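Me: Please take a close look at one part of this structure, the open sheet, and then place it in the context of the chain.

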Amino acid sequence: MDINQIKEKAIQLVNQMTTLEMASLCVGRDFWNLNGIARLGIPSVNMSDGPHGLRKQRGEGDHLGLNAAYPAICYPAACLTACSWDTDLIYELGQALGEECLSEDVGILLGPGINIKRNPLCGRNFEYFSEDPLLSGKLGAAFIDGVQSKGVGTSLKHFAGNNQETRRMTTDSIIDERALREIYLKPFEIAVKEAQPWTVMSAYNKLNGSFCSENERLLTDILRDEWEFDGAVVTDWGAMSDQLDSYLSGLDIEMPGLGTARHDKALAQAVNSGNLSHEDLKAIATRIVELILKVSERHNLKTNDDSDVSCDDDAICDAGAIPASSLAALRMDSTTIPRYSIASHLNLASKIATESAVLLKNGGLLPLSDKSKIAIIGAFAKAPRYQGTGSSKINALSLDNPYDAFIDAGFDVDYAPGYDLKDDYPRAKLIDEAVDIARGKDVAVLFVGLPDSYEAEGLDREHMNMPHAHIELINKIAKVNANIVVVLQCGSPVDMSWENGANSILLTYLAGCRNGRATVDLLCGRANPSGKLAETWPSREEDAPNADAYPELSKAVRYKESIYVGYRYYDSVGMNVRYPFGYGLSYTTFAYRNLTYQPAAGACGRVSFDITNTGDVFGKEIVQLYISQLNPKIFRPSHELKAYQKISLEPGETMQVTFELNYSDFAYYDVLEKRFAVESGKYTLSIGSSSREQKMSTIVTIEGDIESRDYRESLPSYYISHAHRRKLAKGFSRIGGALKLQLLTKNKQTGNLDAVRYKYLKKLRPPKNKNAKQHLLFSRRLQKFLRARSKLFSRAHVTSDSVSLVIKRFISRPLNSGLHSGLKLVSKSKRNITRLRDTIAQTKIGKRYIKSKFSSEEFTLLYGLNGSNIPAEPPKRPYTQNSTLNDFGHLFLGRILLRIIDSNVHRISGEDKEDQKYIRKMMMDFPIRQLSMSGAKQNLIEGLVYLLNGRIYKAIRRLMNRL
């Protein structure tokens, strides 16, 4: 049947249903299955976790990845696949997952996750694509198209504003309208309009005052009316807060069905009482039946359609794809016989990992010579970190590792673990062993990164550091062998203050079950690295625009940085980063030439340029187009990604690349006009290999359709443009200039100094004797001098605290080490001014200066531009079903529940301390309503709420009703 026939049949079936039957479709049958109606031939449909593999659980379900799942192929996680920037490759991934879903009778795969990476400490960043909405949306659409091409539905998640894991089920994401439209909703808009996912999953959190599962503006006004989404909206597991409000606001399906068996009757009663119209329920039921028919249509055909799948057990085992024992276990364990080629899917997993890995640094060691004697160091070499922890955790059917892959490739290797996987701190014996085998080797390849316990669904990271043991290992090996190659296995950026100790660095993120082969192929040159970072790697966690309030512990999370997320912030303020967005090296080089722009009607046009592979080997380059507006009235980032393409070139080959630009590429969201609009003016079109490495640019004039409003006076901190950066640099140069002049005075090189400035500087001669008292007097004089010039600094947006900080940093130390190093630092070049600024940023006062960049007062004004007031944070009392153990754990009943939780945690996790810590932390954030996930009835939940609020009589009545 085509889509129109499916719609007609759905209407016919719904017309035959009773009110209770329609209501039953709106609630899950159990943890993973939708309800069906047997008498009408409507089957139940299975939903299973994804998105980097199929996690179909055995028996009792859970959404944390704790209970066992059927064996499946584990593909690279989204943090890595996004670095491919390759929609065709992501489409292939979707197709493969669709085939695997068909094989296991899974009708809907829960993914992709396309939430924006707002901060590098988000514990679930490994499951999301990017900090950029365009890249996230395009890759998400490709994934959806791939899966749904096989007749399997997807569930686009988590809609919307789910950008931290701490208290994710109860927080309220307070996002201003521009940031909401341009950053956080944009990837969902792209994916919905271009791919039409069969379902969209509402997030746990609130968005601007309303839970996402009952947010009418989000689910109806925007998703359905503006974007014309015609699929079903399903809750995240246990996300529903108020049932009636949810269905009135645009929700279709509540998941899971455990503990909510009577919700269908309550929904039917709401229709009978007039609180929900019969027509509204009918429309909901029709959408759900359409979804079921879409799934069952393809699944009914699969037994007669074997043309696109094959599975030859002997061939798979002979090729070494997986051991025969593993394949036999799959045959016995699976619900159905696999109807796809396991070998080809494993090859795809390897291909994705190879195409996506990012070469961060190459000091000349890579690619490795096959004649090299290699020390392989790090426990991750034999027990790799290849996926994240949580609902997406796959029971890997097959898993290789880098150590075995080196052996298979014929390298002469020695191995030492270097650190303990369960211990963050260095063990001298393990490090000494690693140092011994690294000494004298041609190359030492170190496998380091983040263990499972450092990043997981439900928890945010505490810092950007790797375990001390990993850092100490790098530092110790660097002392005995300068030829170090570091392979990073992690799900998000880490602090890399150890970077200078490594000659070369390959980032594999979480590379899936074929991480070993992919890593070795890249290191030895069998494949050429072509991945580019889909997120900025900041130098320090303190540099993030929201570092002062991430993760936010209150229930009202204010996105004060607005549109300045990721490179939009770092590049706009000119902050040094470890690696910029879009960055990645290759074993070959590329030349960009002949940029041209052909204007078209309105704001459209065509950009063309030539790119040539100027190296000696085949390679792939990801070319990126950024647009920036010159002197805008409305505040905007310094530039934004608007187009990209991954191209393949043989040595010496040249290709012409063309980007078609449309109206939206020049637009911003005007909150008063309530639409995307273009401001007339000049725009720079830049072609580059990263957000900071622009190869060519041209300036074009665009005729807009709106007179933008100027908020410089009311919102000055949001105008962090190039002009602002020049002022900031000028202010710091004046600070440096004062110190430099002091050095000239000391050296009596004063003949060419301005007479007026010299008059001040004469009083500041440093004492000849460097004892502490004289040094203190000199410091005070210089401090007085700089503060007298404070007006100069304030005009350049440099606070008096920052001036004091320069003094503290460069003068409070002994003169020969503090002052002279500071003078040398600021006197060489303009580049050193940036270094000075970053030095200031590291200190306590500097952090306060940077973190206060976006004030609460200005954010309140920004949020209110569209006439809205910031929602008030809900009080802790009276306690509700949305209260968590963090809210009431201090009460008598809370302490009892904590003891119950602790005993259950030990039962679930056994003796694994990390698992115990992980589960307990997550449970502290669970709202009371989540007890339904364990099968608790509504009467029990309501009774607990009454008890917490001291309403004993009502509590007893509720609990008695339960009994």
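Reply: The sheet is described below, followed by the chain and a surface patch.

This is a predicted model, in which local features need pLDDT of at least 70 and side-chain atom pairs count only at pLDDT 80 or more, while totals for chains, interfaces and linings use all residues. Residues are numbered from 1 along each chain as its sequence is written, and side-chain values use heavy atoms, with hydrogens and water left out.

The open sheet has 3 strands in the order β18-β19-β22, with antiparallel pairing; strands are DSSP runs of E with at least two residues, helices runs of H or I with at least four, both numbered from the N terminus. Two strands pair if DSSP finds at least two bridges between them. β18 (590-599) and β22 (654-661) are the edge strands, each with a single partner strand, so one side of each lacks a neighbour in the sheet. On average, neighbouring strands of this sheet are turned by 20 degrees against each other, direction ignored. Strand β19 (residues 605-613) pairs with β18 in the antiparallel sense over 8 bridges. Phe590 has Asn613 in β19 as its bridge partner.

The chain as a whole comes to 33 helices and 26 strands. Of its 963 residues, 60% count as buried, that is, under 20% relative accessible area, with exposed meaning over 50% and partly exposed in between (1.4 Å probe, protein chains only).

Elsewhere, Met960 lies in helix α33 and is exposed, with a relative accessible area of 53%.

Note on methods
Axes fitted to C-alpha atoms, helices over the stretch in contact; angles between N-to-C directions.
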